[in-house]
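Me: I have a structure to go through with you. I will ask short questions; please reason briefly and finish each reply on the value or name I want.

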Amino acid sequence: MLGGCGEAAIAGKLGGADWQRGHLLRDRRFPAPQGPIEEIDVLIAGGGAAGLAAGWRLAEAGFDRFALFEMEDLTGGNARSGRNAVSAYPLGAHYLPVPNREATALRHMLRQFGMMTGEQEGVPVYDPYQLCADLEERLLWRGRWQEGLYPTSGVTAADRDQRAAFDRRMDAYRKAVGADGRPAFAIPMAYSSIDPIFRALDGVSFAKWLDDEGFTSPVLRAYLRYCCRDDYGSEAEHVSAWAGIHYFAGRRGWATQGDGDRELTWPEGNGRLVSLMAQRIRPHLRPAHSVFHVERDGDGALVDLFDHTARRSRRLRAKAVIMAMPHFVAARVAPQFAAEGAMSYAPWVVANVTVGRHPEGKGVSLAWDNVSTASEALGYVVATHQSEANDGGPTVLTWYLPLSKESPAEARKILMTRPLREWQTMVREDLLAMNPDLDGVIERIDVWRWGHAMIRPTPGFLSDPARLGAVAAQPPVLFAHSDMSGLSLFEEAHHRGVCAAEAALSELDHPFESLA
Ligand SMILES: Cc1cc2nc3c(=O)[nH]c(=O)nc-3n(C[C@H](O)[C@H](O)[C@H](O)COP(=O)(O)OP(=O)(O)OC[C@H]3O[C@@H](n4cnc5c(N)ncnc54)[C@H](O)[C@@H]3O)c2cc1C
């Protein structure tokens, strides 16, 4: 097929979270519920990592009187994945760092899924085939690929000194304990100290904190910009200093053989984790249902939902409802229970690029994660890195771009209006700048848009009343979403899901031992 300039058009599709269904919710365009009111004990509204973790926790406790309603045709939220003839690949989340000691419920699940294989003297052992294989990361810096994500050559002594000083500060924060005896920074973040010494860091942006502390080296700042965009989809100017430091000081992966710093990953990224959770609770899943109204009804709640297949609305009465949807949606659906707050969300674009052979390049060999200092994008991960198909032949490269320079509203306009062909050109040019050797072997580029990809941990997010209200909610309406942590991480979503499920089990007097 030929495109407008006589150039061959690249095959591919434009996809994304279902905006039409999302906008039906925004505009409240649903018919009134019909038929008798159905009764249920626990209703989970939303099937991302948090909603699935809530369902998984209920099932673990032997509780089966629940249903999970998900708006989209598939569960998984922004940890969903895709697949083509070459490989499975992520559409969003792509890895899980080895969890911290405090992530007890998550470790329980990873053990059940065979990812954690046992313990040595009480310390977790992970399956080496599910930990990211060598080479984990490489950086294109001044025309050569080098190992790691921080330039090691051609930097000034001053740059090097600042990097060392920054690492020392982060190490001190990693070891710091508050007056309440808790670690200053934990994952799940709910276990972090509330000592005002650390909480004060939430009063300023990470960029201001870096300036004030004299961390001004351009090389260091470029690296820190990459980190903020990677985890939060945002510029350091829009990230709370507490969150910026949390990125470095929160992780204390607990594992044998020095595996604590490593990551678990699969061809489909965290799609593996959400699909295993979904399999565990398959009979309880009700995809293609939008929950559009929740209100109190005595000790329980009435829930209105729209069935997108049958094209009709129904009403259910639940003893407990777990709102596992983004908070800005929950505030519309259950205004009696959720305040809107000041939460804002970073838009992202993810492209899956199918290539006829593996990329190469000067310097170290291909890594799982490949980043260029010269690009606005965050580089690409290689879907087949963990599989037997990692033989130099066809593969899928997952390319990431947070639209962090524009305001979220402006970026969403770009997402809605830019045609596939323009995205493909941008992705192709960026990839060829990193890997000219890919010229002629790009077979297709599929582009996926996330309008509300990640909550932005802006300064003050720790004391946002909307967030705190959701965290403190009691039955009948509970909340479970990574938004409640203000940090869009799998561990956070999982923790919120587990806590909400345990609160529902307590309310219903169902016996269980807490995993959280
Ligand atoms: C591009 C990208 C890359 C990422 N990379 C990583 C990574 O590598 N590692 C990591 O840990 N994290 C990563 N994250 C973040 C991680 O994916 C999320 O933090 C986590 O998956 C969020 O899960 P959640 O359940 O809290 O929310 P969501 O994924 O937002 O799930 C909410 C669900 O609720 C559904 N829903 C919404 N409204 C309704 C309604 N009214 N009725 C019914 N259902 C509804 C939605 O369709 C969705 O399925 C990434 C995110 C993105 C976007």
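Me: Which residue forms a salt bridge with Arg169?

Reply: This is a predicted model, so the pairing is read from predicted coordinates. Arg169 sits in helix α4 (residues 157–175), and its partner is in the loop between α6 (206–212) and α7 (218–232), 44 residues apart. The closest N and O atoms are 2.7 Å apart, and the salt cut-off is within 4 Å. The partner is Glu213.

Me: Is Arg169 buried or partly exposed, and at what relative accessibility?

Reply: Buried means under 20% and exposed over 50%, with partly exposed in between. Arg169 therefore counts as partly exposed, and its relative accessibility is 28%.

Me: How confident is the prediction, as an average pLDDT for the protein?

Reply: Of the residues, 98% score at least 70. Residues 1–6 have a pLDDT below 50, with 10 contacts in the model beyond near neighbours in sequence. The protein's average pLDDT is 96.

Me: How many salt bridges does the structure hold?

Reply: Side chains of opposite charge can pair when their charged atoms come close. One such pair here is Arg65 with Asp41. The total for the structure is 32.

Me: What is the N to O distance in the salt bridge of Arg65 and Asp41?

Reply: Arg65 lies in the loop between α2 (49–60) and β3 (66–69), and Asp41 in strand β2 (residues 38–45). The pair links distant parts of the chain, 24 residues apart. Their side chains meet at an N to O distance of 2.4 Å.

Me: Which of these two partners is buried, Arg65 or Asp41?

Reply: Arg65 has a relative accessible area of 43%, so Arg65 is partly exposed. The other partner has a relative accessible area of 10%, and buried means under 20%. The buried partner is Asp41.

Me: How many residues apart in sequence are the parts tied together by Glu376 and Arg229?

Reply: Glu376 forms a salt bridge with Arg229, the closest N and O atoms being 3.4 Å apart. Glu376 lies in the loop between β17 (369–372) and β18 (380–382), while Arg229 is in helix α7. The bridge therefore ties together parts whose separation in sequence is 147 residues.

Me: What is the relative accessible area of Arg229?

Reply: Its partner Glu376 counts as partly exposed at 33% relative accessibility. Arg229, in contrast, is buried. The relative accessible area of Arg229 is 3%.

Me: Which residues are linked with Arg229 in a network of salt bridges?

Reply: Arg229 pairs with Glu376. The network takes in further residues. Linked with Arg229 are Arg225, Glu235, Glu376 and Lys405.

Me: Which residues that line the second largest pocket are the closest to its centre?

Reply: The second largest pocket has a volume of about 900 Å³. Its lining has 32 residues, with β10 (144–147), α4, α7 and α8 (241–249) each supplying at least two. The closest to the centre are Glu137, Tyr223, Tyr247, Asp261 and Glu263.

Me: How many residues of that pocket's lining are charged?

Reply: The lining of the second largest pocket divides into three classes. Nonpolar residues number 12, and polar residues number five. The charged residues number 15.

Me: Which residues is Ser217 in contact with, leaving aside neighbours within four places in sequence?

Reply: Ser217 lies in the loop between α6 and α7. Ser217 is buried, with a relative accessible area of 3%. Its contacts are Asp159 and Gln162.

Me: What is the relative accessibility of Val42?

Reply: Val42 is placed in strand β2. Not counting residues up to four places away, Val42 touches Leu58, Phe63, Arg65, Phe66, Ala67, Ala320, Ile322, Ala504 and Leu508. Val42 counts as buried, and its relative accessibility is 0%.

Me: What separates the C-alpha atoms of Phe30 and Arg311 in space?

Reply: Phe30 lies in the loop between α1 (19–26) and β2. At 15% relative accessibility, Phe30 counts as buried. Phe30 and Arg311 are 281 residues apart along the chain, and their C-alpha atoms are separated by 9.5 Å.

Technical notes: Residues numbered from 1 in each chain as written. Predicted model: local features only at pLDDT ≥ 70, side-chain atom pairs only at ≥ 80, totals over all residues. Heavy atoms only, no water. Helix = DSSP H or I, 4+ residues; strand = E, 2+ residues; numbered from the N terminus. Buried < 20%, exposed > 50% of the residue type's maximum accessible area, 1.4 Å probe, protein only. 1 Å grid on protein atoms, 1.4 Å probe; cavity = no way out; pocket = protein on both sides within 12 Å on 5 of 7 lines; lining within 4 Å. Points joined across faces, edges and corners; volume = space filled by probe spheres on them. Nonpolar A, V, L, I, M, F, W, Y, C, P; charged D, E, K, R; others polar. Contact = heavy atoms within 4.5 Å. pLDDT = per-residue confidence, 0-100.
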